[in-house]
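User: I am new to reading protein models, and I would like a close look at one part, the aromatic rings and what surrounds them. Please take it slowly and connect the pieces as you go.

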Amino acid sequence: MAPKSRIIIDTDPGVDDVLALLLALSASPEELEVAMISVTYGNVPLQSCLRNVVALFHVLEKEMAWRQSTGKPAYGALNTYKPIVAVGAEHALEAEELVADYFHKKLTDPDGADGLHGVHDKHPHLSPTDTWRSLFEDLPGESTSSAEPPSYSTFFTPSKTPAHKEMLRILKQEPENTVSIVAIGPLTNVALAASEDPETFLRVKELVVMGGAVGVAGNASPCAEFNCLADAVAAARVYALTAPMPSSTMPPAVPGKACLPPYPDGLSRRLKLTLFPLDITTPHELRRRAFNDRIQPLKAAGSPLALWTDTFMSGTFDKIDSMLGEGHDEGLSLHDPLCIWYMLTRDDPAWKAVAGPEDIRIETRGQWTVGMHVVDRRGRAKPAGQDSTVQTHPADPMDAVTVDDVPGDTMGWLSVRKGNRINRMLESPGRNIFAGLLLEKVFA
């Protein structure tokens with residue numbers, strides 16, 4: 001039986017990214033197939049993110065052996081499908097350094113620069129040896145053709161092809177509208193794929209994005225969410241593919257700086273983008289007590305996965321305590337796992353989105369507001385009508401301009417031809433039940 005959903009996960013692991021990957025890999029074969037894990041920079045530099053993905057499979061190999069020996073259930077999808085793991089961009093489209101690296105290091109303990117609170121140093125037996133690097137690159141002076149691949153690599157297919165090219169290959173070879181992309185890191189890899197071959201990229205069924213802050217404060221700046229701030233230009237370019245006229249919301253070019261070319265005119269379709277901003281993700285929390293109630297008995301029984309996750313989750317909870325002080329009532333927000341829950345249960349009518357697609361645009365050049373999700377709150381009517389179309393003679397497309405243009409509206413906020421069309425998610429099937437479902441699925 002084919003899975004209900006087939007997905008590519010573009011990720012920068014990261015604590016909640018790892019929880020999202022675990023949720024996806026613990027799904028049943030009928031629920032979900034992870035066709036590819038596309039690795040990007042973000043929480044930490046690219047090679048650290050890749051190491052965390054490889055370590056995840058290394059731990060899961062040990063966990064599956066432990067579960068088999070104790071009669072506990074294995075991960076169905078993990079044993080049924082073999083996702084490609086490919087490595088993507090090292091930095092933002094128009095930056096040579098990791099712009100948000102400082103932010104993550106401030107939020108971790110001194111030995112937590114690996115993105116997982118020092119788990120590799122604390123439990124070296126749960127981390128792969130450095131030979132994993134040869135799976136993804138040809139190392140100088142080494143011959144790897146006859147080397148025995150590590151046993152944990154039976155759970156995935158390593159690729160030496162750039163992640164955005166692997167994305168395009170999958171979208172080209174699979175039927176249109178059958179593969180979705182779940183982007184839970186900066187959108188650089190996604191933007192590179194969209195730029196290289198927009199028509200192939202638009203074969204995607206849906207792009208699910210964890211990013212942005214629409215009606216709430218940001219978490220990486222007063223107005224920007226981490227993933228979007230890390231590469232606002234990439235986000236703006238990807239969002240533009242939802243617009244009837246992508247050129248109307250593309251980021252302005254910077255003189256003297258290399259940038260990707262504009263999209264061609266006359267694209268065959270628009271991108272369906274479902275956005276999970278901080279507005280919906282932040283309230284979905286995992287509390288320390290609930291985590292410990294589930295994890296400590298498993299850890300005592302010898303579960304490698306419990307030991308591994310307890311290390312970085314405890315570090316995360318300790319950091320939250322130190323930041324917010326005694327007596328706070330905050331947990332770890334499950335930003336990235338929420339997107340995977342959506343892919344597992346997207347047919348549930350309890351998921352509620354905005355009544356109609358919203359024109360949400362990304363600020364890319366502001367002095368204080370880079371990464372901000374901008375919406376027009378003026379409530380002004382669009383003179384060309386409310387049905388998102390302009391009635392014009394097909395032989396004279398410029399006729400639409402005379403109907404749709406409003407004097408002084410140089411940014412096109414009042415145009416029905418210009419602006420993005422973002423499907424923003426508002427409600428889940430239950431923010432108070434998700435953490436329990438996540439724990440049950442991952443640690444059953």
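To begin with one residue, does Phe136 count as buried or exposed, and at what relative accessibility?

Analyst: Please keep in mind throughout that this is a predicted model. Phe136 has a relative accessibility of 8%, and because buried means under 20%, Phe136 counts as buried.

Phe136 has a partner in Phe156, and the two ring centres lie 6.3 Å apart with the planes at 5° to each other. Rings pair if their centres lie within 6.5 Å, and planes under 30 degrees apart count as stacked, so Phe136 and Phe156 make a stacked pair. Both residues sit in the loop between helix H5 (119-122) and strand S4 (157-158), yet they are 20 residues apart, and the pair links distant parts of the chain. Phe156 is buried too, with a relative accessible area of 1%. These two rings also belong to a wider group, since one aromatic cluster is formed by Phe57, Trp132, Phe136, Tyr152 and Phe156. In the whole model, the count comes to 12 aromatic pairs.

A second pair can be read in a similar way. Trp341 and Phe434 are stacked, with 4.6 Å from centre to centre and 15° between the planes. Trp341 belongs to helix H14 (residues 335-345) and Phe434 to helix H16 (residues 434-443), so this pair ties together parts that are 93 residues apart in sequence. Both partners are buried, Trp341 with a relative accessible area of 7% and Phe434 with one of 1%.

The helices that carry this second pair deserve a look of their own. H14 is mostly covered, as 10 of its 11 residues are buried, and among them, beside Trp341, are His335, Asp336, Pro337 and Tyr342. For H16, another neighbour is helix H12 (residues 288-301), whose axis comes within 10 Å of the axis of H16 and crosses that axis at roughly 15°. Angles under 35 degrees count as roughly parallel, so H12 is described as roughly parallel to H16. The crossing of H12 past H16 is right-handed, and the contact is made by Ala290, Phe291, Arg294, Ile295 and Leu298 on the H12 side and by Leu439, Glu440 and Phe443 on the H16 side. An α-helix has 3.6 residues a turn, so residues three or four places apart point the same way. You can keep that rule in mind when you look at the H12 side of the contact, where Ala290, Arg294 and Leu298 appear in the list.

Aromatic rings in this model also lie beneath charged groups. The charged end of Arg361 sits over the ring of Trp413, at 3.7 Å from the ring centre, while Arg237 lies over the face of Tyr263, at 5.0 Å from the centre of that ring.

Finally, the backbone has a few places to look at. Most residues other than glycine have a negative phi, and most peptide bonds are trans. Against that background, His117 has a positive phi of about 55° although it is not a glycine; His117 lies in the loop between helix H4 (101-107) and H5, and at 4% relative accessibility His117 counts as buried. Asn177, also not a glycine, has a positive phi of about 65°, but Asn177 is partly exposed, with a relative accessible area of 35%. The peptide bond from Pro13 to Gly14 is cis, with omega near -20°, and Gly14 lies in the loop between S1 and helix H1 (15-25).

Terms used: Residues are numbered from 1 along each chain as its sequence is written. This is a predicted model: local features need pLDDT of at least 70, side-chain atom pairs count only at pLDDT 80 or more; totals for chains, interfaces and linings use all residues. Side-chain values use heavy atoms; hydrogens and water are left out. Rings of Phe, Tyr and Trp (its six-membered ring) pair if their centres lie within 6.5 Å; planes under 30 degrees apart count as stacked, over 60 as edge-to-face and the rest as tilted. Helices (H or I, at least four residues) and strands (E, at least two) are DSSP runs, numbered from the N terminus. Buried means under 20% relative accessible area, exposed over 50%, partly exposed in between (1.4 Å probe, protein chains only). A charge sits over a ring if NZ of Lys or CZ of Arg is within 6 Å of the ring centre and within 35 degrees of the ring normal. Axes are lines fitted to C-alpha atoms, for helices over the stretch in contact, and angles run from 0 to 180 degrees between N-to-C directions. Angles under 35 degrees count as roughly parallel, over 145 as roughly antiparallel, 65 to 115 as roughly perpendicular and the rest as oblique. A crossing is left-handed if the near helix is turned anticlockwise from the far one by less than a right angle, and right-handed if clockwise. Contact means heavy atoms within 4.5 Å.
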